[in-house]
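Welcome! Work through the exercises below at your own pace, and try each task before you read its solution.

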Amino acid sequence: MSWHPLQAYGDLAADVREVLISADQIHQRVLELGQAISHDYAGLNPLLVGVLKGVVIFMADLLRAITIPVEVDFLAVSSYTAALREQGVVRLVKDLEVPITGRHVLFVEDVIDTGLTLNYLLRTLRARQPASLEVCVLFDKPDRRLVDTPLKYLGFELPDRYIVGCGLDFRERYRNLPFVGLLKPAAFNSSATDPQR
Ligand code: PRP
């Protein structure tokens, strides 16, 4: 799939200092992940589970790269307090719509930083006794990891930098960029990125 050139993204592109991974590279890697998942889960009717909202872009692309029957569902979480957030304790504000007991579940994330959110949610899902529970992540920032969790499928490793695009946001902006990149320092302070403006 080809996308608009960088300049077409106007103000959003103007805030980007450097493209780290191009849209083509991401597309190619997602196709490979879909192929591997299609092979590994053939005949198992897996359920892909994502956490809103950053994952939606990766999930949509991954689903279309999977060539076997597959289902999808979403969770939504919210932090209780900053302190609890630091411990990775989150509140489910939207639960799955389907039971997962006995199902082959593949947990899909756009990015893993500390691993705390993932760890907490995996424990929650594991308690429901799925037949299997594995993880597929598009971007991993291993330098920030506090809780180690095996990632069965991984797209790319990234440095410990604030990245945007492909679902990743800064104050809800930039999710729609088809690549991932670094923001210019000014973009972090700009009133243009202030959702209250
Ligand atoms: C991101 C990502 C994970 C979490 C990972 O979500 O989608 O859920 O952070 O961080 P951790 O490994 O340090 O726990 P975010 O809170 O940015 O919400 P969003 O998906 O709505 O952008």
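A salt bridge is a side-chain nitrogen of Lys or Arg within 4 Å of a carboxyl oxygen of Asp or Glu. Keep in mind that the model shown here is predicted.

**Exercise 1. A link across the chain**

Task: Find the salt-bridge partner of Glu71, and say where the two residues lie.

Solution:
- Step 1. Start with the partner: Glu71 forms a salt bridge with Arg103, and their closest N and O atoms are 3.5 Å apart.
- Step 2. Now place both residues. Glu71 belongs to strand 3 (residues 71–79), while Arg103 sits in the loop between strand 4 (90–94) and strand 5 (104–112). The pair is 32 residues apart and links distant parts of the chain.
- Step 3. Then look at accessibility, where buried means under 20% relative accessible area, exposed over 50%, and partly exposed in between. Glu71 has 32% relative accessibility, so it counts as partly exposed. Arg103 has 17%, so it is buried.
- Step 4. For context, a search of the whole structure finds 13 salt bridges.

**Exercise 2. Two loops tied together**

Task: Work out which parts of the chain are tied together by the salt bridge between Arg144 and Asp113.

Solution:
- Step 1. The side chains of Arg144 and Asp113 meet in a salt bridge, at 4.0 Å from N to O.
- Step 2. Arg144 is in the loop between strand 6 (132–140) and strand 7 (153–157), and Asp113 is in the loop between strand 5 and helix 5 (116–126), so the bridge ties together parts 31 residues apart in sequence.
- Step 3. Check each partner: Arg144 is partly exposed at 34% relative accessibility, and Asp113 is partly exposed at 25%.

**Exercise 3. A network of charges**

Task: Which residues are joined with Arg175 into one network of salt bridges?

Solution:
- Step 1. Begin with one pair: the side chains of Asp169 and Arg175 form a salt bridge, 3.6 Å from N to O.
- Step 2. Follow the shared partners, and salt bridges join Lys53, Asp169, Glu172 and Arg175 into one network.
- Step 3. Look at Arg175 itself. Arg175 lies in the loop between strand 8 and strand 9, and with 17% relative accessibility it counts as buried. Its side chain also has a polar contact of 2.9 Å with that of Glu172.
- Step 4. Turn to Lys53, which lies in the loop between strand 2 (47–51) and helix 3 (56–65). A cis peptide bond joins Leu52 and Lys53, with omega about 0°.

**Exercise 4. The edges of a sheet**

Task: In the open sheet with the order 1-9-8, which strands stand at the edges?

Solution:
- Step 1. Three strands make up this sheet, and their pairing is antiparallel.
- Step 2. Strand 1 (16–21) and strand 8 (163–164) each have a single partner strand, so they stand at the edges, and one side of each is left without a neighbour in the sheet.
- Step 3. Strand 8 pairs with strand 9 (residues 180–183) in the antiparallel sense over two bridges. In this pairing, the bridge partner of Ile163 is Leu182, in strand 9.

**Exercise 5. Around the ligand**

Task: Describe the residues around the ligand and how much of the ligand the protein covers.

Solution:
- Step 1. There are 15 residues around the ligand, and those that come nearest are Glu109, Asp110, Thr114, Gly115 and Thr117.
- Step 2. Sort the shell by residue kind: four are nonpolar, four polar and seven charged.
- Step 3. Ask which elements contribute. Strand 5 and helix 5 each supply at least two residues, and the largest share, four residues, comes from strand 5.
- Step 4. Consider distances to ligand oxygen atoms. A polar side-chain atom of Thr114 is 2.6 Å from an oxygen atom of the ligand. Polar backbone atoms also approach ligand oxygen, at 2.7 Å for Gly115 and 2.9 Å for Gly54. The protein covers 79% of the 510 Å² of accessible area that the ligand has on its own.

**Exercise 6. Positive phi angles**

Task: What are the phi values of Asn45 and Arg171, and where do these residues lie?

Solution:
- Step 1. Asn45 is not a glycine, yet its phi is positive, about 45°. Asn45 lies in the loop between helix 2 (23–40) and strand 2, and is partly exposed at 33% relative accessible area.
- Step 2. Arg171, also not a glycine, has a positive phi near 50°. Arg171 lies in the loop between strand 8 and strand 9, and is partly exposed at 41%.

Terms used: Residues numbered from 1 in each chain as written. Predicted model: local features only at pLDDT ≥ 70, side-chain atom pairs only at ≥ 80, totals over all residues. Heavy atoms only, no water. Buried < 20%, exposed > 50% of the residue type's maximum accessible area, 1.4 Å probe, protein only. Pairing = 2+ DSSP bridges. Near = heavy atom within 4 Å. Polar contact = N/O pair within 3.5 Å; in protein donor to acceptor, adjacent residues only side chain to side chain. Areas by Shrake-Rupley, 256 points an atom, 1.4 Å probe, with all protein chains shown as cover. Nonpolar A, V, L, I, M, F, W, Y, C, P; charged D, E, K, R; others polar.
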